[in-house]
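Subject: the structure I promised you

Hi,

Here is the structure we talked about. Have a look at it first, then read on for what turned up.

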Amino acid sequence: LKGVKPRRTIRDTSAVAYKMANIPASELEPDQKGELLCTYAALILHDDGAEISPAAMTELIKASGCSVESYWPMLMAKMINNVGMSELIKMGSGAGGGGGGG
């Protein structure tokens, strides 16, 4: 995907995700790494049909040999439970509605 320039809109975070995907995990800032690890843990739990809780996310992150600040799983689980994982996946995929005509 070299040379691909994702389009950026207010709801489209694919450009950020694409940029992060090109950076080795060891070069991520701690907050970026925490968010990424929690996102992966939440996606794994969602895919397994398991409850997305701070404890379950922390357990998965620890099992991977990583760690995050304790507030990350709590924040992510709260957001996921308030918004819904399916909605968040739609937002992250850039599958939002089209722009207004004009």
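Of the contacts in the protein chain with a separation of 6 or more, what percentage is between residues 24 or more positions apart? The figure is 41%. Keep in mind that this is a predicted model, so everything below is computed from its atoms.

**The overall layout**

The protein chain has five helices and zero strands, so reading along the sequence you just get α-α-α-α-α. There are 102 residues, and 19% of them are buried. The accessible surface is about 7,400 Å², with 56% of that belonging to carbon and sulfur atoms.**Helix α2**

Let's start with α2, which has 19 residues. From first C-alpha to last it reaches 27 Å, close to the 27 Å expected at 1.5 Å a residue. Its buried residues are Gly-34, Leu-37, Cys-38, Ala-41, Ala-42 and Leu-45. Seen down the axis of α2, these fall within an arc of 135 degrees, so they line one face of the helix. And what covers them? The cover includes α3, α4 and α5. Just after α2 comes Gly-49, with a positive phi of about 75 degrees.

**Helix α4**

Now try α4, residues 71-83. This helix has 13 residues and reaches 18 Å between its first and last C-alpha, close to the 18 Å expected at 1.5 Å a residue. Trp-72, Pro-73, Met-76, Ala-77 and Ile-80 are its buried residues. They cover an arc of only 120 degrees around the axis, which puts them on the same side of α4. Turn the model around and, on the other side of α4, you'll find Lys-78, Asn-81 and Asn-82 exposed. The cover over the buried residues of α4 includes α2 (30-48), α3 (54-63) and α5 (85-92). After α4 there is a glycine again: Gly-84 follows, and its phi is positive, near 105 degrees.

**The core**

In soluble globular proteins, nonpolar side chains tend to be buried together. In this model, the largest nonpolar core has 13 residues. Which of them touch the most other members? That would be Cys-38, Ala-42, Ile-52 and Met-57. At least two residues of this core come from each of α2, α3 and α4, and α2 gives the most, with five.

Cys-38 is a good residue to click on. Leaving aside its neighbours within four places in sequence, Cys-38 is in contact with Met-57, Ile-61, Val-68, Trp-72, Pro-73 and Met-76. You've met some of these already: Trp-72, Pro-73 and Met-76 are among the buried residues of α4.

**One salt bridge**

Side chains of opposite charge can pair when their charged atoms come close. How many salt bridges does the count come to? Just one. Lys-90 pairs with Glu-87, and their closest N and O atoms are 3.4 Å apart. Lys-90 and Glu-87 are separated by about one helical turn, because they sit three residues apart in helix α5. Are the two partners buried, exposed or in between? Lys-90 has 45% relative accessibility and therefore counts as partly exposed. Glu-87, at 36% relative accessibility, counts as partly exposed too.

If you'd like a place to begin, pick Cys-38 on the buried face of α2 and follow its contacts across to Met-76.

Cheers

Conventions. Residues are numbered from 1 along each chain as its sequence is written. This is a predicted model: local features need pLDDT of at least 70, side-chain atom pairs count only at pLDDT 80 or more; totals for chains, interfaces and linings use all residues. Side-chain values use heavy atoms; hydrogens and water are left out. Helices (H or I, at least four residues) and strands (E, at least two) are DSSP runs, numbered from the N terminus. The expected span of a helix is 1.5 Å times one less than its number of residues. Buried means under 20% relative accessible area, exposed over 50%, partly exposed in between (1.4 Å probe, protein chains only). The arc is that of the directions from the helix axis to the C-beta atoms. Contact means heavy atoms within 4.5 Å. A nonpolar core is a set of buried Ala, Val, Leu, Ile, Met, Phe, Trp, Tyr and Cys residues joined through side-chain atoms within 4.5 Å. Accessible areas come from the Shrake-Rupley method with a 1.4 Å probe; for residues, only the protein chains shown count as cover. A salt bridge is a side-chain nitrogen of Lys or Arg within 4 Å of a carboxyl oxygen of Asp or Glu.
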